[in-house]
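Visitor: I'd like a close look at just one part of this model. Could you walk me through it once it's on screen?

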Amino acid sequence: GKSTIAKLLVGVYRPTNGEILVDGILIEKYNRTKLNELFGYVAQDIFLFSETLRENILFGRKDAQDEKNLKRAIASASLDREIDGFPKGLETVLGERGITLSGGQKQRTAIARALVKDPEILLIDDGLSAVDTKTEVAIKNSLREWNSSQTFINISHRVSSVQDCKHIIFLDDGNIIEQGDHKEMLKLKGIYADLFDKQMMIGVQG
């Protein structure tokens, strides 16, 4: 149900019952253009074009403001070093669906694409699963500095990805089982704490 919630928020799906409000306004009141402006969405299935890396990140946004934010977005997505290593840098043409990039590079390209819009809400659906822990920490630290008023929604199955969030919602079979911050969730000694212990154990063994 995690990705379903993401698609409900960005208007891909419409709720059949209940209400979704953004800034106190029913989501049905927003048109597609406004929702696209509000959200920077990094989907679980990342789609890249057979165009240059620059065009993939800007994705049709070629005004001066986007160009000005481009380098900052790339650095915040921890993609700058890889780009410097490409033969043609930002002008490197990607293969079909970004086949020339690794999974982690695709995810970071999608994050840079979302950030260059400077959205009010950044929504990442399992978009850090292919990066190593060190890079993940660097990206999340950069996101905190990007826009202090921005809302960051991070959807993940890894506790390490969400443990520093202000509010965590744990879903199981489409239902909210537990919620709170990391310390509060551990004190519950429930399914979240159990998952945290298991993932920590796997990390230690790895």
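Which residues are linked with Glu136 in a network of salt bridges?

Guide: Keep in mind that this is a predicted model. The network joins Glu136 to Lys140, Arg144, Arg158 and Asp164 through salt bridges. Let's start inside helix H7, where Lys140 and Glu136 sit four residues apart, so about one helical turn separates them. Their side chains meet in a salt bridge, at 3.9 Å from N to O. With salt bridges counted within 4 Å, that pair makes the list. Lys140 and Glu136 are both buried.

Now follow Glu136 the other way. Glu136 also forms a salt bridge with Arg158, and here the closest N and O atoms are 2.9 Å apart. This pair ties together distant parts of the chain: Glu136 belongs to helix H7, while Arg158 is 22 residues away in the loop between strand S5 (151-155) and helix H8 (159-162). Like Glu136, Arg158 is buried. For context, a search of the whole structure turns up seven salt bridges.

Helix H7 (residues 133-146) has a packing partner too: helix H6 (residues 103-115), with an angle of about 0° and axes 13 Å apart. That angle is why H6 counts as roughly parallel to H7. At the contact, Thr135, Ile139, Leu143 and Trp146 from H7 meet Arg108, Ile111 and Leu115 from H6. So, to pull H7 together: Glu136 in that helix bridges to Lys140 about one helical turn away, and Glu136 also pairs with Arg158 in the loop between S5 and H8.

Methods: Residues numbered from 1 in each chain as written. Predicted model: local features only at pLDDT ≥ 70, side-chain atom pairs only at ≥ 80, totals over all residues. Heavy atoms only, no water. Axes fitted to C-alpha atoms, helices over the stretch in contact; angles between N-to-C directions. Helix = DSSP H or I, 4+ residues; strand = E, 2+ residues; numbered from the N terminus. Parallel < 35°, antiparallel > 145°, perpendicular 65-115°, else oblique. Contact = heavy atoms within 4.5 Å. Buried < 20%, exposed > 50% of the residue type's maximum accessible area, 1.4 Å probe, protein only.
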